[in-house]
Amino acid sequence: MKVLKLIAFAFAAVLALGAPQLKAQQALVRSGEHNGYTRVVVDLPRRMPWKSTGSGKSREIIFGSGKLLIDVSQAFDRISGDRLASIDALENGSGVRLGMNCNCDLDIFWHGSSMLVIDVRDSHNESPDAETMLDAATDKADSRARRTTVLESLGGLVSYGSQDSAVALISAYLDSNPSLGGTTVMQDQKIDQARRSIAESISRAATLGLIEADVRIHTRRKDYEAAKKTGSLTASRASGAAKQMQVNLDTRTGANPEFLKEKSPHLQNILGRPCVADELMDVGAWGTTATFAEQVGPARRALTEEFDRYRADAALDMARLYAFFGFGVEAIQILETTNAESDAGDVVLTMAQLIDFERTDSPIFAQQMDCDSDAALWSTLAVGQIGPDRLPNIDAILRALVRYPDHLRELLGARLARILSGGNHGAAAARILRLLDRHVGPQTPPHALARAETEMSLGRAQSADMQLKAVVESNSDSSATALIDRINTRLWVGDPVSAEMVDLVGGYAQEQRDTAIGPDLARAYIGALAAAGLYDSAFDEMKARVDEEDRESFERTADIVASYTVKNAGDLVFLKHFMLPNASTSSGISNPIANKISERLASLGFYKEALTYISGAVDGEALQERRILRAKINLAQSLPRAAMVNVLGLSGPDADGLRADAYSQLGEHRSAHALYISLGKTDDALREALLAEEWGDAKDFAGPVLNEVIGDMSFERNADSTATLARNRILLEQSAGARENISRMLEATDRTIDPG
């Protein structure tokens with residue numbers, strides 16, 4: 001029995017040791033399109049020596065680790081083919097061959113523990129300057145000087161005969177052993193950096209006139225000769241470089257160079273903080289074109305290791321796979337169950353929340369809508385609502401959506417279009433919808449809803465309403481939102497709502513009262529009741545929700561109900577709800593609507609109640625309108641002086657008309673006449689002229705018959721004036737005689753006073 005157990009244990013050990021070796025021979029080739037370059041990633045079992053050969057339209061990257069099983073089936077899933085014509089595995093499995101569609105440069109480097117990254121970059125045909133050539137030559141010379149030490153460490157691994165192969169092998173070894181023999185290179189880099197910094201400081205100081213530069217022509221001959229001896233420079237290039245290095249001049253501006261550094265919005269957000277790294281958001285690389293079942297099985301098997309412990313890297317991969325397929329809740333559960341805490345895990349967790357819940361409390365994507373990466377897309381989703389003064393980086397969002405699988409592109413693209421149209425960015429939303437039209441199949445209800453809201457943002461109300469109607473009739477998850485949009489469109493312009501629509505939104509509001517969209521449906525239902533003329537029902541529903549709504553939402557609902565009631569309701573219904581203000585009506589009504597209520601109450605003769613709605617303190621246009629209303633009510637109450645106080649300092653036809661009315665009530669008809677003339681109110685001006693007995697001014701506005709009457713009045717007035725003068729003259733003569741008689745009588749009288 002013990003022997004059998006020992007054999008079984010040995011067999012299991014052999015399998016355990018052999019499995020990694022079999023897996024180590026596999027290599028997966030993936031790719032992705034980026035701005036300015038195409039990236040090809042070879043996921044190798046481990047880091048290994050490599051070399052690049054070929055030129056022109058064919059390039060080969062050869063690995064120094066024997067035969068590999070290279071899978072290139074996914075190589076062209078995410079790229080356009082503008083730069084690469086083909087990606088093939090070499091016949092013996094020793095590398096990959098790249099067929100080029102452009103005269104591009106290859107930038108090859110290691111990333112992580114085993115990924116070889118090949119960036120196919122657009123060539124700018126720029127010849128390197130002398131300093132760049134010299135630095136490259138110096139670094140290569142230093143590498144060759146350390147070759148002996150490294151080769152001794154490599155031992156029998158070196159089987160390549162050429163120098164290039166040996167250098168590539170050494171580079172790979174140094175990458176995996178960064179602590180080995182790097183002192184010389186690091187010191188040279190630091191010295192060179194210090195040299196440049198000192199030269200820049202001296203140049204700027206000379207520009208400012210702080211020092212006097214003694215310019216001498218010289219060359220870095222020692223470094224140049226060392227580079228030439230190593231063969232890093234060909235004869236022709238060395239001759240050209242030597243000519244360029246004969247003069248070592250540097251010109252600097254006098255401005256502080258720190259202020260001249262352009263901070264790219266692509267690398268930082270508006271707060272100056274770095275954007276989330278691209279490799280943490282590369283959703284397109286988290287899955288393949290295989291089915292979900294084919295991919296989730298291997299991912300789940302790799303999730304646990306010995307003693308059922310979770311592997312953090314496998315948990316992250318599985319969460320990413322769920323996010324790739326749009327399963328946000330499942331991704332969150334995996335990360336929370338395995339406690340996979342890392343920067344990459346936090347990013348996936350935030351993205352998963354946005355995928356399924358459309359919101360997140362995480363600040364990871366805060367203020368990154370202007371980043372030139374996928375962060376712009378996820379930051380816009382995290383914000384949820386944007387204003388007309390803030391437009392995200394639409395180009396970056398479109399590049400991200402192109403790389404995403406169809407189902408995720410449809411889901412996120414429709415949401416982004418709705419967010420943009422809600423911020424009055426209809427043109428930007430239309431760009432996203434055009435992308436969805438090219439890459440996605442038949443239009444889904446969320447897609448149609450996004451298109452309708454975009455049409456509304458662009459001012460195409462009729463087209464938007466037709467599409468919203470189709471979404472409502474689809475009886476999908478988007479139907480309730482589309483119904484809210486249809487009703488709100490009518491409420492915004494004050495149009496009526498059909499009874500059928502009222503019943504439908506009422507049913508939705510009852511059915512989904514406890515969901516996230518429940519409050520929006522309830523508000524739409526209340527507004528629809530008022531728009532349909534069911535004012536009592538609208539007020540009853542509003543009073544029932546006064547304690548459930550936030551202040552802003554309640555005011556918006558109260559405004560809609562009050563606006564329809566003031567505009568369309570009969571006098572009795574209007575007075576029933578607004579005659580005696582209460583907490584369920586006046587407290588939630590905005591100042592403009594309160595002014596309209598006051599105006600209608602005043603027109604019905606309820607001046608005291610009307611003043612109640614306009615007694616609070618306001619500012620701006622509402623204040624001016626409120627002062628005009630108060631003055632009108634004062635005049636209706638025969639309080640002209642109070643009316644004059646309310647229009648004090650105001651200008652315009654309304655204020656001047658109220659002043660004229662106040663002057664008329666005060667009996668100052670000449671002033672009222674002048675104001676009415678300036679306002680073009682000829683009938684009022686004529687009336688005030690007649691009241692002031694200004695017959696000459698009245699004749700300017702009177703007709704023929706009235707002019708004849710005015711002429712007779714003027715003659716009688718003149719006659720009366722003549723008789724009055726005569727009478728006055730007689731009275732003056734009589735008073736003069738009386739004074740004379742009194743004087744004579746005083747003279748004849750004894751004016752002595754007896755003191756006794």
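A crossing is left-handed if the near helix is turned anticlockwise from the far one by less than a right angle. That is the sense in which the crossing of α25 and α27 is left-handed, and the views below come from a predicted model.

**View 1. Helices α25 and α27 side by side.** Here α25 and α27 pack with their axes 10 Å apart, at an angle of about 10°. An angle under 35 degrees counts as roughly parallel, so α25 and α27 are roughly parallel to each other. On the α25 side, look for Asn591, Ala594, Asn595, Ser598, Glu599 and Ala602. They meet Ala622, Glu625, Arg626, Leu629, Lys632 and Ile633 in α27. Sorted by class, the contact of α25 with α27 is a mix of 5 nonpolar, 3 polar and 4 charged residues.

**View 2. Moving on from α27 to α29.** Now we follow helix α27 (residues 621–636) to helix α29 (residues 653–666). Their axes come within 11 Å and cross at roughly 20°, which makes α27 roughly parallel to α29. This is another left-handed crossing, with α27 passing α29. From α27, the contact takes in Ile628, Ala631, Lys632 and Leu635. From α29 come Asp654, Ala655, Leu658, Asp661, Ala662 and Gln665. The split for the contact of α27 with α29 is 6 nonpolar, 1 polar and 3 charged. Keep an eye on Lys632 of α27: this residue takes part in the contact with α29 and also in the one with α25.

**View 3. Helix α24 set against α25.** Helix α24 (residues 571–578) and helix α25 (residues 591–603) have axes that come within 11 Å and cross at roughly 120°. That makes α24 oblique to α25. The crossing of α24 past α25 is left-handed. Asp571, Phe574, Leu575 and Phe578 are the α24 residues to find, and they meet Ile597, Arg600 and Leu601 in α25. The contact of α24 with α25 has 5 nonpolar and 2 charged residues, with no polar ones.

**View 4. A disulfide between Cys102 and Cys104.** The structure holds 2 disulfides, and this close-up shows one of them, formed by Cys102 and Cys104. Their sulfur atoms sit 1.8 Å apart. About the S-S bond the angle is -120°, and the link of Cys102 and Cys104 is left-handed.

**View 5. How confident the predictor is along the chain.** The chain has a mean pLDDT of 76, with 70% of its residues at 70 or more. Among the elements of the chain, helix α13 (residues 375–383) has the highest mean pLDDT, 94, and helix α7 (residues 235–244) the lowest, 38. Residues 1–24 have pLDDT below 50, and beyond near neighbours in sequence this stretch has 3 contacts in the model. Over residues 126–167 the pLDDT also stays under 50, but here the model has 50 contacts beyond four places in sequence. Where pLDDT is low, the predicted coordinates should not be read in detail.

Definitions and conventions: Residues numbered from 1 in each chain as written. Predicted model: local features only at pLDDT ≥ 70, side-chain atom pairs only at ≥ 80, totals over all residues. Heavy atoms only, no water. Axes fitted to C-alpha atoms, helices over the stretch in contact; angles between N-to-C directions. Helix = DSSP H or I, 4+ residues; strand = E, 2+ residues; numbered from the N terminus. Parallel < 35°, antiparallel > 145°, perpendicular 65-115°, else oblique. Contact = heavy atoms within 4.5 Å. Nonpolar A, V, L, I, M, F, W, Y, C, P; charged D, E, K, R; others polar. pLDDT = per-residue confidence, 0-100. Disulfide = S-S within 2.5 Å.
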